[in-house]
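Some backbone geometry deserves a second look. This report goes through such spots one by one.

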Amino acid sequence: MTGDRASTMNGRPLEHLRICDFTGQLAGAGATRLLAAFGAQVIRIEDPVNEGRWDVLRGAAPFVDDRRGGELGGGFQNHNVEKLGVTLNLRTERGRELLERLVAVSDVVTENFAAGVLEAWGFGWERLRSIRPDIVYVSNCGFGHEGPYATFRTWGPIVQANCGLTFSSGLPDLPAAGWGYSYMDHHGGNIMAMAVLAALVHRNRTGEGQWVDMSCTEAGSALLGPVVLDRTVNGRPLRRPGMPHSNRSDSPQMAPHGIFGCQGDDAWVAVACRDDRDWRALAVVVDEPWTADPRFAAVAGRLAHQDELDANLSAWCSGRDKHGIAAALTAAGVPAAPVRTPEERIDHDPDTAAWGLWPAVDHPEMGRVRVDGVPVHLSATDWAIERPAPLLGQHNREVFGGILGVSDDELAALAEEGVL
Amino acid sequence: MSDAGSGPLRGVRVVELASELGAFAGKLLADMGADVVLVEPPGGHPTRWFGPFVDDVPDPEGSLWFWHYNTSKRGVVVELEREPDVFRRLLEGADIVLEAEPPMRLASLGLDHTDLRPDRPGLIWVSVTPFGRNGPSRDLPATDLTILAGGGPAWSCGYDDHTLPPVRGGGNQGLHTACIWAANAALVALLHRDAGGVGQHVDVSAHAAANVTTEAATYEWLVAQATVQRQTGRHAAVVPTRWVRTTAADGVDVHPGFPPRRPGEFRQVLDWLGELGLADACPDTEVVRLGAEMDRDIQLGQVGEDPLATEIFGAGRDAVRFIANHLPGREFFVGAQRRGLTAGVVQSPEEVLDDPHVRARGWPVAVHHESLGRTVTYPGVPIRFTGTPATVRAPAPRLGEHDAELL
């Protein structure tokens with residue numbers, strides 16, 4: 001453990017850890033966001049020459065108002081709460097020397113540059129471990145640092161296309177719907193955090209650090225399972241006529257199972273009958289003659305006649321309110337949920353409110369802004385999100401002065417020389 | 001599996017109560033080297049009856065769902081209601097308990113974390129539930145579909161035609177999202193204990209997890225009170241964006257990536273057209289040549305403003321699509337990337353296993369099922385640890401397979 005941040009019993013669980021962090025966007029920054037929320041000291045290193053824009057989200061939409069600029073990007077602010085921010089020009093010898101000193105007192109180095117970028121600056125795995133033998137180094141890029149595609153570049157939509165996630169989502173005989181957002185940027189970040197955490201568990205038990213060569217595409221493919229085994233065991237590919245049909249459920253077999261149009265503009269409800277008991281409960285709520293059709297009594301019949309079943313249920317839903325349908329069905333024990341709009345789930349959902357899922361931070365430029373919270377609660381040492389994303393170089397003095405002992409005069413000189 | 005070598009979590013002991021919702025968290029920990037003991041009720045957990053089945057024959061030992069989600073675990077049969085002491089004994093030496101029971105069930109048996117913790121101050125207890133142990137909806141039923149619908153992801157996923165329903169992204173991702181957070185939180189709690197802290201309860205809400213896994217849909221609302229709208233095969237957006245994918249010669253959809261803007265990129269496209277013998281057939285070749293001869297990059301702000309820049313930009317985009325339409329999908333992807341274009345190919349999950357890069361990294365895992373005399377290729381693990389490689393170490397346990405050694 002790095003000694004100079006004492007672990008506390010009642011603080012946050014990772015307060016004893018320091019992360020030297022080069023991550024950006026969501027697929028990387030999401031990882032250290034999680035670690036920071038649990039108390040790790042995450043030191044985000046940014047390039048003063050291009051004002052931190054190696055993270056393309058710095059200064060990117062959405063914005064709170066008409067102002068624009070590097071400190072005003074809404075996504076960047078969301079993904080970098082609770083972190084410290086420093087600037088360091090790695091083109092300079094003094095910059096590289098300060099980085100070396102920072103690595104020496106860090107537990108972890110994280111980055112999601114294209115493969116080879118950090119090494120080109122002189123800080124590849126061999127160098128990092130020579131600076132600190134038990135360092136945990138986690139790199140994360142689209143295809144990893146090794147293999148035939150190591151030089152290929154990606155961003156969210158490419159990762160999702162190549163890993164199989166895009167293909168897996170859609171309605172029959174239509175193009176793949178994909179995910180509609182960079183789902184794998186979230187889990188690229190979350191799984192990168194898992195890599196850090198697991199490697200630290202190993203370090204704590206053995207004293208050994210290691211390099212983790214994470215490929216975001218590989219991580220995405222690992223999120224698809226039974227359909228792959230259906231191919232390798234039974235020879236049945238998911239690329240076949242009528243598939244995928246991802247609003248239905250073959251594994252486990254459920255019917256009805258889908259998303260049905262309701263009263264109002266773009267209003268929908270999801271309904272799933274897990275078994276015949278759910279079906280009978282749904283039949284009581286719906287209370288229409290077609291629910292007594294003997295073909296629908298058992299799951300095999302409902303699956304065999306699913307188009308007709310869906311048409312009937314769709315007609316019933318179409319004149320009703322999505323919230324009312326979901327409330328009536330769930331009260332009867334049948335899984336159902338309205339397809340919630342962002343406003344509904346953020347501002348009008350008792351569950352997200354009770355969880356404290358949308359903490360607010362006070363950002364010096366943006367003002368008070370709500371951000372994503374964390375979907376787990378720890379009973380003794382929970383997460384906290386109180387600090388906004390760092391301004392460019394905001395914590396240079398705290399980090400270089402406070403941790404590395406660089407004097408104020410020297411800091412001023414370094415800034416003058418373009419090192420910070 | 002206690003003797004199986006590798007993985008960063010070697011030496012970590014987990015007791016998992018079999019469940020649909022939490023199984024992937026146990027798999028993540030087990031494949032990373034933890035010794036995970038899966039506890040099933042007599043007769044087996046209901047997920048053993050989830051299809052598809054080996055050779056399409058329904059059999060509790062042949063569920064591919066169960067196989068996938070329970071790799072690298074050991075398995076025992078314990079009837080919690082009748083054998084609470086057997087369960088308590090299993091917890092000796094355990095670091096983590098993982099369960100996804102309905103919120104009040106274990107308390108009613110006197111086997112919840114509050115009942116067992118007094119004797120086990122270091123125990124980490126992870127509960128994965130649809131709405132959290134204490135949420136207002138904690139007793140409501142939910143599935144992967146309803147979690148993704150009520151928790152946000154489905155709003156962003158679907159088609160331009162809004163008479164078509166929003167789409168549930170495929171592959172049990174509502175469950176996976178909860179489980180990834182569960183595994184991470186378990187490891188956070190373990191590291192806290194390593195540093196001298198106490199064991200604690202970890203409350204995971206699948207609904208909350210889905211809510212914070214929707215990227216811009218959430219922060220467009222939080223920051224700008226704007227609402228994204230779903231679009232076919234591209235990110236849901238506040239302002240509609242243009243269709244980007246195209247179909248390759250083998251019928252596979254491809255993602256052509258950002259259109260060329262630099263002279264060198266236009267040169268690459270021009271050379272590629274020539275190599276493929278498509279220069280004469282492609283209607284944009286001459287304008288692409290103009291792009292290659294430019295003395296500066298096209299700025300995005302010029303597109304739609306400067307007529308020549310707009311024409312060159314459009315020609316580059318269309319020429320790349322033209323090439324894509326004339327090559328098999330994966331060949332287009334590899335060719336484009338080798339030429340510096342950030343392209344992709346929409347692969348089905350099984351096609352990933354044949355990808356040369358994936359194979360070169362040794363990602364698919366051959367797992368021997370001794371009881372069937374059959375070796376099966378499994379998807380690999382999400383993380384490539386170079387010091388302590390994680391992998392699928394063993395197939396899912398047969399029902400009660402490890403009763404004798406563990407009970």
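The sections below cover cis peptide bonds and positive phi angles in this predicted model.

## Cis peptide bonds

Start with Pro252(A). The peptide bond that leads into Pro252(A) from Ser251(A) is cis. Its omega is near 0°. Pro252(A) sits in a loop of chain A, with strand S7 (249–250) on one side and strand S8 (253–254) on the other.

Next comes Pro256(A). Ala255(A) and Pro256(A) are joined by a cis peptide bond, with omega at about -5°. The loop that holds Pro256(A) runs between S8 and strand S9 (257–261) of chain A. Strand S8 thus borders the loop of Pro252(A) and also the loop of Pro256(A).

## Positive phi: Gln25(A)

Gln25(A) is not a glycine, yet its phi is positive, near 50°. The residue belongs to the loop between strand S1 (18–21) and helix H1 (29–37) of chain A.

Is Gln25(A) buried or exposed? The cut-off for a buried residue is 20 or more other C-beta atoms within 10 Å. Gln25(A) has 23 within 10 Å, so Gln25(A) is buried.

## Positive phi: Asp173(A)

Asp173(A) also has a positive phi without being a glycine; the value is about 65°. Its place is the loop of chain A between helix H6 (156–163) and helix H7 (183–206).

Here the surroundings need the other cut-off: a residue is exposed if 12 or fewer other C-beta atoms lie within 10 Å. Asp173(A) is exposed because it has 9 other C-beta atoms within 10 Å.

Technical notes. Residues numbered from 1 in each chain as written. Chains lettered and ligands numbered in written order. Predicted model: local features only at pLDDT ≥ 70, side-chain atom pairs only at ≥ 80, totals over all residues. Helix = DSSP H or I, 4+ residues; strand = E, 2+ residues; numbered from the N terminus.
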